[in-house]
Amino acid sequence: MIYLKHIYKTYQNSTPALKNIDLEIEKGTFVFLTGPSGAGKSTLFRLIAAFDKPTSGQIIVNETDLTQISEAQIPYYRRRIGVVFQDFKLLKSKTVFENVSLPLQIRGDSPLQIQKKVIDVLEKLNLSHRKNNFPDQLSGGEQQRTAIARAIVHQPSLLIADEPTGNLDPKLSKETMDILDSICSQGTTVFVASHDINLIEQYNKKRIHLIDGVLQ
Ligand SMILES: Nc1ncnc2c1ncn2[C@@H]1O[C@H](COP(=O)(O)OP(=O)(O)OP(=O)(O)O)[C@@H](O)[C@H]1O
Ligand SMILES: [Mg+2]
């Protein structure tokens, strides 16, 4: 499902952010990624989501070789994954409903299908009352849940979430992680970066740890 072999990533004029990463994650599993700030967690996610290419090595996700993929194929690849970014990346000029609709619009669902799926996911994330608000009108936690709703609305085969509970209180963090866990039990592979050791310890999931770009 996710296969990385000898992955190195070096940004311009710096030491490698990822060093010789070998990793295999099976379809349908839930994996936590931990590690100190600057360890390379977001870098690893950017490579898996095809927002960036490794300096060397091979990445295969869902039978797609991301080191061979053409620019034209990348949008199609991304339709099958969901990403919760560390800084949300919500579109400020669009409402919660419109932000969450985007993955469905991109793949061409009908307005009726979009309406149904978005309403469902907003309900699941306790955001129904916010559907017509713009991101600037939301609390940090509401923005975060909107970002999660957008990442799961199209039922991706892979969900990557970069610190998805970073702005939430312990109760909301637990509820949010439970939602990611339920997404996983419906067949989605879930890969979550988190600093929240107390939260992680409440789940019996595989953990991988990065330090200075090296998988421990
Ligand atoms: N676009 C970039 N250009 C240059 N260096 C970068 C870039 N993005 C990240 N880095 C560097 O790569 C290393 C890994 O960064 P990354 O953002 O992947 O860490 P992280 O584990 O996600 O940290 P955090 O927990 O703070 O989010 C850091 O040294 C960082 O400064
Ligand atoms: Mg990061």
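Which residues are buried in H1? In this predicted model, the buried residues of the helix are Lys41, Thr43, Leu44, Phe45, Arg46, Leu47 and Ile48. Helix H1 spans residues 41-48, and with seven of its eight residues buried it is mostly covered. Just after the helix, alanine 50 adopts a positive phi of about 60°.

The surroundings of H1 include a sheet. The helix lies across strand E1 (2-9), E2 and E4, and runs at about 120° to E1. The sheet itself is open and is formed by four strands in the order E2-E1-E4-E5, with antiparallel pairing. Strand E2 (18-25) and strand E5 (64-65) stand at the edges; each has a single partner strand, so one side of each is left without a neighbour in the sheet. For E5, an antiparallel pairing over two bridges joins it to strand E4 (residues 56-61). Within this pairing, isoleucine 60 has aspartate 65 of E5 as its bridge partner.

The beginning of H1 also bears on the ligand site. Ligand 1 is surrounded by Tyr11, Ser14, Ala17, Gly35, Ser37, Gly38, Ala39, Gly40, Lys41, Ser42, Thr43 and Gln86. Lys41 and Thr43 therefore appear both in this shell and among the buried residues of H1, where a residue is buried if 20 or more other C-beta atoms lie within 10 Å of its own. By class, the shell comprises three nonpolar, eight polar and one charged residues.

A second region is organised around helices. The largest nonpolar core contains 53 residues, and those with the most contacts inside it are Ala149 and Ile160. Helix H5 (residues 140-152) supplies the largest share of this core, namely five residues. What does alanine 149 contact, leaving aside its neighbours within four places in sequence? Its contacts are Val100, Val121, Leu122, Leu125 and Leu127.

One of these contacts, Val100, belongs to helix H3 (residues 96-107), where it is buried together with Val96, Phe97, Asn99, Ser101, Pro103 and Leu104. An α-helix has 3.6 residues a turn, so residues three or four places apart point the same way. The buried residues of H3 pack against helix H4 (111-124) and H5. Just after H3, glycine 108 has a positive phi of about 90°.

Key: Residues are numbered from 1 along each chain as its sequence is written. Chains are lettered from A and ligands numbered from 1 in the order in which they are written. This is a predicted model: local features need pLDDT of at least 70, side-chain atom pairs count only at pLDDT 80 or more; totals for chains, interfaces and linings use all residues. A residue is near a molecule or strand if its C-beta atom, placed from the backbone, lies within 6 Å of it. Ala, Val, Leu, Ile, Met, Phe, Trp, Tyr, Cys and Pro count as nonpolar, Asp, Glu, Lys and Arg as charged, and the others, Gly among them, as polar. A nonpolar core is a set of buried Ala, Val, Leu, Ile, Met, Phe, Trp, Tyr and Cys residues joined through C-beta atoms within 7 Å. A residue is buried if 20 or more other C-beta atoms lie within 10 Å of its own, exposed if 12 or fewer, and partly exposed in between; C-beta atoms are placed from the backbone. Two residues are in contact if their C-beta atoms, placed from the backbone, lie within 7 Å. Two strands pair if DSSP finds at least two bridges between them. Axes are lines fitted to C-alpha atoms, for helices over the stretch in contact, and angles run from 0 to 180 degrees between N-to-C directions.
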